[in-house]
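Visitor: Could you take me on a close look at the cysteines in this model? I would also like to hear how confident the prediction is and what the backbone does in its loops.

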Amino acid sequence: MYRETTAPGGLRDVVRCLWEDAGRAPKRIVPDGCVDLVACGGEVFVAGPDTTAWTWETPPGTRAYGVRFAPGRARDVLGLGADELRDRRVPLGDLWGKEGELLAERVLCGGVSLADVVARRRADGADREISELIARLDGGVPRVSAALDRFATGERQLRRRFTLAVGYGPATYLRVTRFQRAIDLAPTAPDLASLAFSAGYADQAHLSRDCREFAGVQAREFFRAKKCAMSIVDR
């Protein structure tokens with residue numbers, strides 16, 4: 001029902017993946033540090049970086065598909081800071097005006113793909129310091145201070161640029177990546193305590209607090225559902 005594919009070679013530094021979903025059941029979307037460009041139900045819109053879960057349900061027979069930008073890279077294509085899109089769903093026409101409306105029409109009628117839109121609009125030149133900071137946070141550092149060490153730029157300016165690129169500050173991003181790590185590890189974890197340790201949490205209570213904030217449900221309920229979903233896919 002849901003599948004991801006690798007982005008074309010020329011877009012892999014900007015795009016994490018392409019995805020499509022033909023499922024009808026309501027989906028709990030949890031924060032992942034990314035911005036998506038989505039086509040669904042006669043609309044093309046940008047889904048900004050989330051700080052909490054939201055529920056999305058597609059109408060029967062509707063196919064949704066999208067481009068998921070790599071963390072920190074949506075601004076290179078969309079032309080505005082990711083912090084302006086935080087927890088928002090913005091129609092492409094509202095974002096780019098008449099050009100966005102025309103591009104949305106072409107996407108929906110099959111005249112151009114979302115990947116083509118990204119390739120056409122992308123600007124060159126990633127912020128190398130922000131890319132390095134994201135890589136350090138993704139690598140599982142225990143604290144933001146450890147990731148911010150040994151940069152030429154001052155910490156305050158670096159945090160400001162990070163928020164502009166990603167949508168929220170390094171501390172929130174670190175928590176989001178740790179929670180996503182727990183989601184990835186959940187299908188093979190024997191219990192929540194083991195899962196918390198493997199994902200880099202201080203303890204099970206720490207994982208439970210983040211789960212309530214990011215997923216809106218108790219950790220036991222959320223990760224049981226993840227295991228069930230994985231077992232269905234494996235069949």
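Guide: Happy to! This is a predicted model, so let us begin with confidence. The protein chain has an average pLDDT of 92, and 96% of the residues reach at least 70. One stretch to treat with care is residues 230-235, where the pLDDT is below 50; beyond near neighbours in sequence, that stretch makes 1 contact in the model.

Now to the cysteines. The structure contains 0 disulfides. C17 takes part in none, and the nearest cysteine sulfur to it, that of C34, lies 7.7 Å away. Seen from the other side, the closest cysteine sulfur to that of C34 is in C17, and because 7.7 Å separates them, they are too far apart for a bond; a disulfide would need the two sulfur atoms within 2.5 Å. As for their surroundings, C17 has a relative accessibility of 5%, so it counts as buried. C34 is buried as well, with a relative accessibility of 2%.

Finally, the backbone in the loops. Most residues other than glycine have a negative phi. D87 has a positive one, near 60°, and sits in the loop that runs between α1 (75-78) and β8 (89-91). With a relative accessible area of 38%, D87 is partly exposed. R150 also has a positive phi, near 65°, without being a glycine. Its place is the loop between α5 (144-147) and α6 (155-166), and because its relative accessibility is 69%, R150 counts as exposed.

Note on methods: Residues are numbered from 1 along each chain as its sequence is written. This is a predicted model: local features need pLDDT of at least 70, side-chain atom pairs count only at pLDDT 80 or more; totals for chains, interfaces and linings use all residues. Side-chain values use heavy atoms; hydrogens and water are left out. Buried means under 20% relative accessible area, exposed over 50%, partly exposed in between (1.4 Å probe, protein chains only). pLDDT is the predictor's confidence in each residue, from 0 to 100. Contact means heavy atoms within 4.5 Å. Helices (H or I, at least four residues) and strands (E, at least two) are DSSP runs, numbered from the N terminus.
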